Amino acid sequence: MLKTFIMIVAVLALATAVKAQETKNAEAKTTGILHPEMTVAQDGGSYQKPAGTLGEKPENKWSATTNATAVAGKPNLGKTVTLTGEIIDLSCYLQLGKHGEKHVACGKKCLINGQPIGLLDKDGGVYMLMEEEHDPRRDGQVAGFRKAAIEHFGQIMQVSGTEAKVKGYHAVYVQGFVNK
């Protein structure tokens with residue numbers, strides 16, 4: 001009876017250790033850049049020397065239309081940021097880990113067809129990118145931003161805007177692309 005009890009405890013301990021290792025391995029796969037072997041083209045910029053810039057450094061965290069349409073006139077907290085990262089298609093990156101030069105043709109198609117635009121920083125941080133100005137964004141008056149993101153897809157760019165965070169989800173709202 002004692003041998004059976006010791007055997008059961010040993011099996012449970014082993015199962016717990018195996019499960020803990022599997023969890024640790026799964027977490028390790030989600031830190032840093034997924035598939036770092038998928039790199040940007042040689043002329044796609046670097047984290048030290050980006051290929052270009054997207055957005056204007058905002059004077060205020062939020063534009064007038066964002067403030068005016070916020071609940072009780074108070075948008076969520078945000079902070080102005082300038083980040084450097086690769087322009088990615090969030091759908092393929094989060095689902096498959098795809099990015100870099102080899103993913104440019106697919107990623108551009110995804111962005112052309114409305115998939116969300118993202119920014120991948122050097123540490124594997126992922127940010128959703130979108131136009132900041134609320135009413136123009138809502139009314140389809142900011143086509144220039146998507147076009148610029150598509151043109152620079154798979155390149156490392158410097159992006160300025162307002163970062164907002166909600167429960168671990170990060171977005172950067174980029175100003176300066178309202179149709180004129």
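Here is a short conversation about the cores, strands and main pocket of this predicted model.

Student: Before we start, what should I keep in mind about the model?
Tutor: It is a predicted model, where local features need pLDDT of at least 70 and side-chain atom pairs count only at pLDDT 80 or more, while totals for chains, interfaces and linings use all residues. Residues are numbered from 1 along each chain as its sequence is written, and side-chain values use heavy atoms, with hydrogens and water left out.

Student: Which helix gives the most to the largest nonpolar core?
Tutor: A nonpolar core is a set of buried Ala, Val, Leu, Ile, Met, Phe, Trp, Tyr and Cys residues joined through side-chain atoms within 4.5 Å, and buried means under 20% relative accessible area with a 1.4 Å probe, protein chains only. This core has 19 residues, and Leu54, Ile87 and Val172 are among those that touch the most other members. With 4 residues, the top contributor is H6.

Student: Which residues of H6 are buried?
Tutor: Helices are DSSP runs of H or I with at least four residues, strands are runs of E with at least two, and both are numbered from the N terminus. The buried residues of H6 pack against E1, E2, H4, E3, E4 and E6. They are Phe145, Ala148, Ala149 and Ile150.

Student: In what sense do E5 and E6 pair?
Tutor: Two strands pair if DSSP finds at least two bridges between them. E5 and E6 form a hairpin with 2 residues between them, and Lys167 in the turn has a positive phi of about 45°. Glu163 stands opposite Val172 in E6. Over 5 bridges, the sense is antiparallel.

Student: Which residue stands opposite Met130?
Tutor: Met130 also belongs to a second, separate core of 10 residues that includes Trp62, Ile88 and Ala171. E4 and E6 pair in the parallel sense over 4 bridges. Opposite Met130, in E6, stands Tyr173.

Student: What is the volume of the largest pocket?
Tutor: On a 1 Å grid over the protein atoms alone, a pocket is an open set of points where a 1.4 Å probe fits, with protein on both sides within 12 Å along at least five of seven lines; lining residues have an atom within 4 Å of a point. Its lining has 17 residues, with Trp62, Pro75, Asn76, Ala164 and Tyr173 nearest the centre. Points are joined across faces, edges and corners, and the volume is the space filled by probe spheres set on them. For this pocket that comes to about 310 Å³.

Definitions and conventions. Buried < 20%, exposed > 50% of the residue type's maximum accessible area, 1.4 Å probe, protein only. Contact = heavy atoms within 4.5 Å.
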